Amino acid sequence: MSATQILSVFVLLAFLIMEGSAEMRPKPANNKNILSDTSYVPYRSPEPGIIRQQGNRLKNEKSVYLKQHAYNPVDWFAWGEEAFNRAKADNRPIFLSIGYSSCHWCHVMEEQVFTRDDIALFMNENYINIKLDREERPDIDAVYMDAVQAMTGSGGWPLSVFLTPDLKPFYGDTYYPPDQFLFTINQIAAAYADNKDKIEEAATNLTDILSENLQVSLSTKLSHEMIESLAERAKTQIDKQWGGFSGNMKFPTPIRWQFLLHYYRKNGDGEIAGMLRTTLDNMASGGLFDHIGGGFHRYATDRIWLVPHFEKMLYDNAQLALLYLEASVVFDDPRYSQISRETVDFMIDEMSGEEGGFYSSYDADSDGREGLYYLWSEQEILEVAGEQDGPALAMILGVTPEGNFEGMNVLTRRAELFDIESKIGLNENTISQLFDKYRDKLRNFRDKRTSPSLDRKIIASWNGLAISALAKAYGVFKEDRYIKSAEKAADYLLKIHIDENGGLFRSSYEGKPEHDGVLDDYSFLANGLLDLYQASGNIRYLEKAMELIDYTNTNFSSENGGYFLTHADVDTPIGRKIELFDNVRPSGNAMMVEALVKSGAITGNSGYHDKAGTLVDLYSEIMNKAGIEMAGWLDAAIKLNGPYYELIIAGDDNLIFHKLNSVYWDNLPCHAVLVDIPGDGLRSDVVKSARDKTAIKGLATAYVCKLGTCNLPTSDPEELKIQLINGWVK
């Protein structure tokens with residue numbers, strides 16, 4: 001899309017909306033209905049007070065986010081035909097508000113804006129008002145986020161978008177303070193009444209521009225030299241002192257660090273290694289990590305990872321658990337191993353349901369205050385640890401009388417920054433022992449507070465990330481509860497989220513699925529099942545992963561290459577989107593490339609590998625411009641540039657078999673997949689690569705292969721390590 005085109009359209013829309021707006025002038029929109037039935041009576045909402053008492057339509061919705069607005073005086077509709085038909089019949093503009101249950105500023109706007117009767121009355125008289133949970137409908141959110149970002153240059157949640165009755169965006173922003181919002185809705189209502197035709201024409205032009213997908217051609221091949229150049233460029237964007245990518249706020253972006261970690265493993269770039277460790281150390285030692293209960297918060301509001309935005313998301317924790325797990329192997333650092341364990345344990349203990357799946361998020365707020373559940377006063381620390389150990393424990397946790405956040409303290413573990421060893425006369429080991437001594441007591445004390453609310457929505461794609469983390473954690477740590485939790489989640493999704501045609505539902509509540517899955521759901525879950533197969537050896541998970549991949553190839557593929565966000569049968573307001581860029585999660589397209597690379601190696605089907613290579617080459621020019629913004633693609637490109645191995649181990653379940661298997665899990669290679677063949681053979685037509693692989697002379701035997709071409713088989717773990725690990729390093 002052309003930035004000049006968008007700007008010109010938006011300037012016209014802004015002019016139409018603000019024309020003659022010297023003062024606020026409430027003016028109801030022209031509600032002359034467009035239906036031929038002249039007896040039709042335009043819709044009138046109940047009085048705000050009645051809606052507040054009786055609730056609006058959202059009280060019947062399953063979404064926690066929608067239910068949070070069920071007793072607003074606003075006459076909210078859920079996204080759907082009822083609202084669309086009403087807007088068309090009454091010829092009213094639509095106000096669309098998008099958010100999610102754990103979003104702090106969504107709560108603020110709800111409390112400040114949508115609870116005011118005067119604002120609600122004007123909204124109800126002049127708009128059809130729709131609430132949307134972005135976690136349930138990321139496809140709709142993506143469409144209108146693009147529109148708002150194109151118009152304003154920024155985006156976020158809550159997302160506030162004004163649409164024509166046929167769902168075309170013409171104005172938008174994010175959070176509005178109450179007076180500004182009241183002014184804006186007055187002006188837009190008046191402008192729509194006076195200039196409806198011009199606004200709709202401009203909205204159509206904007207929609208046409210936004211609906212254009214990137215045109216690509218297979219012009220260049222992504223080389224290793226290009227990957228090196230992009231890694232060098234990424235170095236310039238990193239905060240050398242505190243880690244993360246430079247900015248006043250720090251977001252954990254695990255896919256970027258995963259790419260750089262894999263680049264380091266391939267190239268041995270010491271500078272990249274240092275930047276990685278700086279980032280990992282500061283994310284884990286600051287307030288972003290919950291040192292009492294485990295798990296990571298959403299993001300840091302400062303550049304030093306001190307004060308977080310306190311919500312906890314499943315997708316952050318799944319990705320970060322896996323990142324720290326691999327980093328613990330690569331850098332042989334037990335601290336990273338511990339962070340990974342505590343994060344996985346948090347997911348199992350706090351975010352998993354009896355039914356099997358993992359819940360989506362914890363709210364940032366409790367008792368009406370952001371972060372209150374996680375904040376401490378110095379007096380509380382002394383109360384837990386007593387007068388003798390309390391002062392030392394407070395210092396270890398960075399707790400001071402004045403606090404570091406609104407008079408209270410976010411806990412940290414940065415003893416080395418404050419020379420704590422010399423101040424309290426304890427060495428690093430003794431400091432850790434003191435924290436361990438009181439950790440459970442601190443947790444018990446905190447548990448007496450009002451806990452943030454938990455959104456029990458189970459999302460297919462986020463569960464796919466969790467399954468991957470748990471499967472690999474089992475491979476490394478050999479703790480049965482990790483594989484059992486991964487299998488339980490996978491079994492739940494395969495039972496509840498798969499429809500009769502093989503498609504995926506995106507979300508479920510209490511075992512009841514709803515909403516069509518988007519590309520992310522298919523690609524993330526396929527990867528999770530592929531990882532679970534490698535950890536468990538259960539061929540069923542591989543077969544189900546392949547079914548999802550084949551279904552995606554049939555129903556999501558674009559003729560021009562890549563995958564659409566939505567299924568071919570799903571209607572979207574501004575056409576089907578192809579999303580290439582990563583955000584806090586990798587793009588669905590990048591994850592599909594990852595799934596194709598893995599599945600091609602596991603099954604021996606070169607067609608999957610070739611398709612992945614074609615897609616990477618197809619978007620290589622865009623990747624070269626975008627750099628780290630397409631880290632998921634770059635990570636796949638490293639693997640495609642190879643060598644990418646399939647490790648096949650055949651033989652009885654004995655000591656040699658386990659030693660060979662441990663070579664894989666002890667090194668957790670990013671450039672290989674694992675296929676274990678039990679002594680009686682692998683009974684599946686899916687794994688063609690393993691058909692002729694057997695134990696030699698009665699000994700468990702390993703085969704390191706690349707697209708069917710294998711090295712000499714070996715039963716020696718040291719030789720296997722040379723073939724599998726040393727052979728990959730540049």
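What is the order of the strands in the open sheet of 5 strands with mixed pairing? The legends below take up this sheet first and refer to a predicted model.

**View 1. The open sheet of mixed pairing follows the order β1-β3-β2-β4-β5.** The sheet has 5 strands. Its edges are formed by β1 (76–78) and β5 (169–173); each has a single partner strand, so one side of each lacks a neighbour in the sheet. From one strand to the next the twist averages 30 degrees. At the β5 edge, strand β4 (residues 159–163) and β5 run antiparallel and are joined by 4 bridges. Ser160 is placed opposite Asp173 of β5. Helix α4 (residues 81–90) lies across β1, β2 (94–99) and β3 (128–133). The helix runs at about 155 degrees to β3.

**View 2. A cis peptide bond joins Trp157 and Pro158.** Omega of this bond is about 5 degrees. Pro158 belongs to the loop between α7 (138–152) and β4. Most peptide bonds are trans, and most residues other than glycine have a negative phi.

**View 3. Phe183 lies in helix α8 (residues 178–210).** The relative accessible area of Phe183 is 27%, which makes this residue partly exposed. Phe183 and Asp117 are 66 residues apart along the chain, and their C-alpha atoms are separated by 15 Å.

**View 4. A second open sheet, with antiparallel pairing, has the order β8-β9-β12-β13-β14.** This sheet also consists of 5 strands. Here β8 (312–313) and β14 (512–516) stand at the edges with a single partner strand each, so one side of each is left without a neighbour in the sheet. At the β8 edge, 2 bridges connect β8 with strand β9 (residues 359–362), and the two run antiparallel. Met313 has Ser361 in β9 as its bridge partner. Helix α17 lies across β8, β9, β12 (454–459) and β13 (505–509). Relative to β12, α17 runs at about 90 degrees.

**View 5. Helix α17 (residues 460–477) packs on helix α18 (residues 480–496).** Two packed helices are described by the angle between their axes and the distance between the axes. For α17 and α18 the angle is about 155 degrees and the axes are 8 Å apart. This angle makes α17 roughly antiparallel to α18. The crossing of α17 past α18 is left-handed. On the α17 side the contact residues are Ala460, Asn463, Ile467, Leu470, Ala471, Ala473, Tyr474 and Phe477. They meet Asp480, Tyr482, Ile483, Ser485, Ala486, Ala489, Ala490 and Leu493 of α18. By class, the residues of this contact comprise 13 nonpolar, 2 polar and 1 charged.

**View 6. Asp367 and His515 each have a positive phi in a residue other than glycine.** Phi of Asp367 is near 50 degrees. Asp367 sits in the loop between β10 (365–366) and β11 (369–370), and with 55% relative accessibility it counts as exposed. For His515, phi is near 70 degrees. His515 is located in strand β14, an edge strand of the sheet in View 4. The relative accessible area of His515 is 25%, so this residue is partly exposed.

**View 7. Strand β17 (residues 701–706) pairs with strand β15 (residues 645–650) and with strand β18 (residues 709–710).** In β17, 5 of the 6 residues are buried, so the strand is largely enclosed by the rest of the structure. The pairing of β15 with β17 is antiparallel and extends over 5 bridges. Ile649 is found opposite Ala702 of β17. The pairing of β17 with β18 is also antiparallel, over 2 bridges. Cys705 has Cys710 in β18 as its bridge partner. These two strands, β17 and β18, form a hairpin with 2 residues between them. In the turn, Leu707 has a positive phi of about 50 degrees.

**View 8. Gly727 is in contact with Pro643, Tyr645 and Ile722, leaving aside neighbours within four places in sequence.** Gly727 occurs in the segment after α26 (717–726). At a relative accessible area of 40%, Gly727 is partly exposed. One of its contacts, Pro643, lies in the loop between α24 (631–641) and β15. Pro643 is joined to Gly642 by a cis peptide bond with omega of about -5 degrees. Gly727 and Val143 are 584 residues apart along the chain, with 45 Å between their C-alpha atoms.

How values were computed. Residues are numbered from 1 along each chain as its sequence is written. This is a predicted model: local features need pLDDT of at least 70, side-chain atom pairs count only at pLDDT 80 or more; totals for chains, interfaces and linings use all residues. Side-chain values use heavy atoms; hydrogens and water are left out. Buried means under 20% relative accessible area, exposed over 50%, partly exposed in between (1.4 Å probe, protein chains only). Two strands pair if DSSP finds at least two bridges between them. Axes are lines fitted to C-alpha atoms, for helices over the stretch in contact, and angles run from 0 to 180 degrees between N-to-C directions. Contact means heavy atoms within 4.5 Å. Angles under 35 degrees count as roughly parallel, over 145 as roughly antiparallel, 65 to 115 as roughly perpendicular and the rest as oblique. A crossing is left-handed if the near helix is turned anticlockwise from the far one by less than a right angle, and right-handed if clockwise. Ala, Val, Leu, Ile, Met, Phe, Trp, Tyr, Cys and Pro count as nonpolar, Asp, Glu, Lys and Arg as charged, and the others, Gly among them, as polar.
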